[in-house]
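Here are my notes on this one, as numbered points. Have the viewer open while you read.

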4 protein chains.
Amino acid sequence: MRDPSETRFRVRYAETDQMGVVYYANYLVWMEIGRVELCKSLGFNYRDMERDDGIYLAVADVACRYRAPARFDDEITVKTWLEDANKRLVVFAYEIHCGDRVLATGSTRHVFVSRQLERTRLPDKYYPLFGISPEKLVTP
Amino acid sequence: MRDPSETRFRVRYAETDQMGVVYYANYLVWMEIGRVELCKSLGFNYRDMERDDGIYLAVADVACRYRAPARFDDEITVKTWLEDANKRLVVFAYEIHCGDRVLATGSTRHVFVSRQLERTRLPDKYYPLFGISPEKLVTP
Amino acid sequence: MRDPSETRFRVRYAETDQMGVVYYANYLVWMEIGRVELCKSLGFNYRDMERDDGIYLAVADVACRYRAPARFDDEITVKTWLEDANKRLVVFAYEIHCGDRVLATGSTRHVFVSRQLERTRLPDKYYPLFGISPEKLVTP
Amino acid sequence: MRDPSETRFRVRYAETDQMGVVYYANYLVWMEIGRVELCKSLGFNYRDMERDDGIYLAVADVACRYRAPARFDDEITVKTWLEDANKRLVVFAYEIHCGDRVLATGSTRHVFVSRQLERTRLPDKYYPLFGISPEKLVTP
């Protein structure tokens, strides 16, 4: 695991539900904030990858384990790291904290797709950023 | 005012907040449901207008008055009607009900824009659907 | 597996993102709609269980696999069924469809908690509704 | 007008819609972030006011004018100030910026309510924080 990126923000009132805690789907929004930040720490903007290269990260899978509730105005820290990557897909992992407490852990698997949402390969220039080894030439 | 369209749905848990009632921004989502339904009752799909004609409704203004709270699992009725329309803009008005009670009233003003979000004119074929009179020929 | 409940609704504009498809966190909202509907088909209202018995379903885990994108105004069907239940926890499973296509599959695991979010047991009266066998008397 | 408070954050992917810009209801969420921050700058936490004093701010009205679209990853600044306040209600005003551009302006009117959502008076200790003059003694 490479060093995780960290991003911080406060729980919004809109994110709570009538149970008095954060609604569970919002953790997936927080994971998205984490991976956008991780991209920046890896050396590129996700926004530019979409706009300039027409490469999108379509979510294929998500898993999240909820350990403790988050409450309005809590300061949340999302730690995000690359769990796996190749030219077809990438796996991000997340730990969501409030101070010392781990609130949730999770992961998302994404495939690279074009603007038309068809599967595509990651352009070569992103290989080092995602820590992907260049493909070996197969010679006889 | 033409006859309003009506659409019905139940309050989602996700829409509540820790006050135990629906979070105020969700009423704007409900207005959107209302105007999509109104378009259908007027004879076209908003989806097709975007996709086939490249015409989008950009919101210019919204106002909402909240009269009574909505709660999880309440059955909501949104009544929507055209308040005004011309080739440049359209105004929708809304009444949001739960049974006999009016929960909220509001309106949105929209301008027609292109895919690039530049102001544009509504294509002629939509005039009768929006109740817009054909433009008079200017003759000497 | 008991017979799944089915619930239908249309994709809201608010649920799309700039990729032109439904944002991934919204599938968890749709799962919630599915399990509220399942509760009704099992013979009780989730709202009443919270209000009258002070029993809440805290999400412990979620997993979702995304197979095909959902688009604005698509008619979505959520099939929901009980995968497992005992006096401490319940597992729901979901299939999300658009017409014949499966868009996503997933599951959520929940623990029963009190209003103060402390773990609790499901009251006996809900046992038959969740298909839980009454506890055996332990006799010497 | 007192000095506005300012708060900054980046646009989340979740906040965009298929038009490629931020969905209009999210500006109301941003207003909420602004007023939570304003409360802090006035000397109290909205969270504590709810929890310790049982005073809630129920939204009675909102108006928003949209001037320019916000896009994913834009850095947003929300300026918030008290427009009016008395023991029964408070009006907040907002300007939402991206760099030099004003994206939106708006206001919200709130009434003070109890946990049971009944209208109530603001406790005296909050008068100076909201800039409310103490009530004059009526003497013969």
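1. A quick definition before anything else: helices here are DSSP runs of H or I at least four residues long, numbered from the N terminus. With that settled, helix 1 of chain C is followed by Gly43(C), whose phi is positive, near 115°. Bear in mind throughout that this is a predicted model.

2. Staying with that helix, does its length add up, or what should 17 residues span? At 1.5 Å a residue, helix 1 (residues 26-42) of chain C should span 24 Å, and its end C-alpha atoms are indeed 24 Å apart, so expectation and model agree. As for its surroundings, 14 of the 17 residues are buried, so helix 1 of chain C is largely enclosed by the rest of the structure.

3. Now the A/C pair. Chain A can be laid on chain C by a turn of 180° with a shift of 0.0 Å along the axis, and the RMSD comes out at 0.0 Å. That is the relation of a two-fold axis. The same surface serves both copies, as 100% of the contact residues of chain A recur in chain C. Which residue of chain A comes closest to the rotation axis? That would be Ala63(A), with its C-alpha at 2.2 Å.

4. The A/C contact takes 16 residues from each of the two, chain A and chain C. On the side of chain A that touches chain C, helix 1 (26-42) and strand 2 (56-66) each supply at least two residues. Strand 2 of chain A gives the largest share, nine residues. By type, this side of chain A divides into 14 nonpolar, no polar and two charged residues.

5. Strand 2 also pairs across the A/C contact. Strand 2 of chain A and strand 2 (residues 56-66) of chain C run antiparallel and are joined by five bridges. If you want one to look up, Asp61(A) has Arg65(C), in strand 2 of chain C, as its bridge partner.

6. On to the C/D pair. Chain C can be laid on chain D with a turn of 180°, a shift of 0.0 Å along the axis and an RMSD of 0.0 Å. In chain C, the C-alpha nearest this axis belongs to Asp17(C), 1.9 Å from it. Here nine residues of chain C are in contact with nine residues of chain D. The side of chain C that touches chain D holds five nonpolar, three polar and one charged residue. Because 100% of the interface residues of chain C are also interface residues in chain D, these copies meet through the same surface.

7. What about the core? In soluble globular proteins, nonpolar side chains tend to be buried together. The largest nonpolar core has 160 residues, and those with the most contacts inside it are Leu28(A), Leu28(B), Leu28(C) and Leu28(D). Beyond its neighbours within four places in sequence, Leu28(B) is in contact with Val62(B), and with Tyr24(D), Ala25(D) and Leu28(D).

8. One last residue to click on is Leu103(D), in strand 5 (residues 101-113) of chain D. Is Leu103(D) buried or exposed? It counts as buried, because it has 23 C-beta neighbours inside 10 Å and the cut-off is 20 or more. Leaving aside neighbours within four places in sequence, the contacts of Leu103(D) include Arg67(D), Ala68(D) and Ile96(D). Glu83(D) is 20 residues from Leu103(D) in sequence, and their C-alpha atoms are 20 Å apart.

Notes: Residues numbered from 1 in each chain as written. Chains lettered and ligands numbered in written order. Predicted model: local features only at pLDDT ≥ 70, side-chain atom pairs only at ≥ 80, totals over all residues. Contact = placed C-beta atoms within 7 Å. Nonpolar A, V, L, I, M, F, W, Y, C, P; charged D, E, K, R; others polar. Least-squares fit on C-alpha atoms with pLDDT ≥ 70 in both. Pairing = 2+ DSSP bridges. Core = buried A, V, L, I, M, F, W, Y, C linked by C-beta atoms within 7 Å. Buried ≥ 20, exposed ≤ 12 C-beta atoms within 10 Å, placed from the backbone. Expected span 1.5 Å × (residues − 1).
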